[in-house]
Amino acid sequence: MQEQHYDASDITILEGLEAVRLRPGMYIGSTGQKGLHHILWEIVDNAIDEAANGFADKIEVRLYKDGSASVEDNGRGIPTDIHPKTKVSGVQVVFTQLHAGGKFDEHNYSFSGGLHGVGASVTNALSKWLNVRVWREGKTWEMGFTSYFDKKKGKYESGVPTAPLTDMKQRTKKHGTFVHFLPDDSVFMTTDFSLEAVSSRLHELAFLNKGLSITLVDERITKNEYLAQGEGEEEVQLDLAGASEPYSVTFKYDGGIADFASYLNENKSRLYNKPLYYRGEKDGILVEFAIQHSTEYTESLFSFVNNIPTPEGGFHEQGFRAGLTRVLNDYARDNKLIKDKDPNFLGDDFREGLTAVLSIKMKNVQFEGQTKTKLGNPEARSPVESVVTEGLRSLAADPKCKRTFEEIIKKAQSAARVRVAARQAKDTARAKNSIDSLQLVGKLAASTGRRPELNELFIVEGDSAGGTAKQARIRSFQAILPLRGKPLNVEKKRLDQVLANEEIRTIISALGTGIGSDFNLDRLNYHKVIILSDADQDGFHIRCILLTFFFRYMYPLVAAGHVYIGMPPLYKVYKQNSSVEEYAYDDKELQEKIEKVGRGYLIQRYKGLGEMSAEQLWATTMDPMRRNLTQVTVEDTVAADEKISLLMGDRVDGRKDFLNRNANFNKTDTFADRIKTRREDGNGNQEE
């Protein structure tokens, strides 16, 4: 091999915002919709930091018809004076320099969600243009930035100032910052902001910041148009007056996270009406929590650090759980609710049916990664535990809370009995390991490959489709697990009932990870777990049941991106006595395939996977080079928990209201129903 020249001149130095443009995933996680929303959250988080530190009480987020978005706050405004080191305005520094911001010390912000100093500059780097308006000290300032391909340099220039910061010579009493930007469609796979995702996050932030008013305006759609799509007035809190006005909603909660806990339990049967709430500070860490139990069986703990969600938990959650367990055990013993000879309850007993919101604010936060999903500060555990202990003891001493604590202990007693039964079931299962393996032999067609990171498990609806899938697969890396009947809806069942269900036990055995507190992702046998069900009501229901199980009992599996939905085609467009055939996955694609095949086409509408041959199933759904897979991700754990509780839980009224708002019961047929028997002859004549 010829030796190549390599010296210091070959080392590339990325200047300014080039690194962001070259490797956007390093800064925003992905270039899909999640990454798109990330650049909006970076600007929103800056506004929230102003509010969290007492400098702002109003924020407005606006989505425009051209795909752009803006965030306005009434905080102090970005500094406009000249930076002593860079010799340019503070505004220009914030939007053009990575790791530049006012949050690296404690002088300007006591608590901050944006700690890396990359938020505003990353948003600028990944936008076609960005404009800033600052109201500060009676003046109005403006500055614009643009991104373009420089033909002379042969590279993309990102976030370049169009002019220095300009004093608009407009005196004003306003104060704050307005940032308006257009995401770059050459970077992102989609530039269409999701109203549901934006609304959900802003709703959450309003709960976390007591008294803060957050308004969302979507100019892409009017109020009446939004309602016509099926969203109800109660859910989005709309004022219906003025059809020509854009959709808007304002979130403001004077009860803060106590209101949050009540909201999360809206569709559940609650053990007590008023959540337990406490706020305290220890060692410079501000801690507040709200808890409320329902009659359900799973725990829902939502934690936040400086308003940033931490769905993967961290040391603050450890402290919260430890404090909760200690105080409730002490209360049970002090009130003779545990016999002297009996052991203490476990933490899981107290957390059955628990909905809790934990919010802490601290300095020098260490998140694991720029996407901020887990708190890595070990020093947070002890102060959180101390405040939770102090708060619950204070609440337990209040006579008004006596019934609430008694209800919690009563539920823990029931949970403990179930835990013992479930543990016995687990021990029995472990003792019969060989029997479980024999049962799997008749159900699971395992892959022969020894590398889990390459292996795929297809969970298939029915023996018929399972048999076809077994014929179609490549044994070296694809495993097939047919389901015989619908699995259990775990949202309505206790842990011992979950473990007693044969289909659920089979899935647990096949994956090898265990469930709940015993879950261990390192033991996962298949790094792609693919749900493959029919495209009908039963198939969708099975999909929902399985996703509910994974979300409740194997959440790390979902969070790590191991769960997928297989997308079988709905139609085959072909010509008789010909090798010409095309597959369509939706009605829009069907029209494209009809045009591609041309005259003389026939259409087959697949009612289920069992109608496909092994060759067709492989070509359309299992071949890694040609199939369509949808990865299951959880961008907002609060919204996901809320939807699962609503759609899969026991509250029929809430589910009925949701269906009435969102289902179009007047629609009597679909395009698929109308064309499934249509054919065209060679002369272009159509017949039914």
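# A guided tour from Glu 635 inward

Begin by selecting Glu 635, which counts as partly exposed because its relative accessibility is 38%, where buried means under 20% relative accessible area, exposed over 50% and partly exposed in between, computed with a 1.4 Å probe on protein chains only. The model is a predicted one, in which local features need pLDDT of at least 70 and side-chain atom pairs count only at pLDDT 80 or more, whereas totals for chains, interfaces and linings use all residues. Residues are numbered from 1 along each chain as its sequence is written, and side-chain values use heavy atoms, with hydrogens and water left out.

Glu 635 sits in the loop between β22 (629–631) and α22; helices (H or I, at least four residues) and strands (E, at least two) are DSSP runs numbered from the N terminus. Show its surroundings and, leaving out residues up to four places away in sequence, you will find Glu 635 touching Lys 34, His 37 and Trp 41, contact being heavy atoms within 4.5 Å. Add Pro 311 to the selection: its C-alpha atom is separated by 9.5 Å from that of Glu 635, although the two residues are 324 apart along the chain.

Next, select Asp 641 and Arg 552, whose side chains meet in a salt bridge (2.5 Å, N to O), a term that requires a side-chain nitrogen of Lys or Arg within 4 Å of a carboxyl oxygen of Asp or Glu. Asp 641 belongs to helix α22 and Arg 552 to helix α18 (residues 537–553), so that distant parts of the chain, 89 residues apart, are linked by the pair. Both Asp 641 and Arg 552 are buried.

Then select Lys 643 and Glu 196, which form a salt bridge whose closest N and O atoms are 3.9 Å apart. Because Lys 643 lies in helix α22 (residues 637–648) and Glu 196 in helix α6 (residues 195–208), this pair ties together parts that are 447 residues apart in sequence. Lys 643 is partly exposed, with a relative accessible area of 25%, whereas Glu 196 is exposed, at 54%.

For a pair between strands, select Glu 219 and Arg 62, joined side chain to side chain in a salt bridge (2.8 Å, N to O). Glu 219 is in strand β8 (residues 213–222) and Arg 62 in strand β1 (residues 58–63), so the pair ties together parts 157 residues apart in sequence. Here Glu 219 counts as partly exposed at 26% relative accessibility, while Arg 62, at 19%, counts as buried. Elsewhere, Glu 299, Glu 317, Arg 321, Asp 348 and Arg 351 can be selected together, as they are linked in a network of salt bridges; the count of salt bridges comes to 40.

Now turn to Leu 40 and Phe 95, the residues with the most contacts inside the largest nonpolar core, which has 64 residues; such a core is a set of buried Ala, Val, Leu, Ile, Met, Phe, Trp, Tyr and Cys residues joined through side-chain atoms within 4.5 Å. Helix α3 (residues 33–52) supplies the largest share of this core, 9 residues. Setting aside neighbours within four places in sequence, the contacts of Leu 40 are Val 61, Ala 69, Val 71, Phe 181, Phe 193 and Val 198. A second, separate core of 40 residues can be located by selecting Leu 324, Met 362, Leu 375 and Cys 401, which are among its members.
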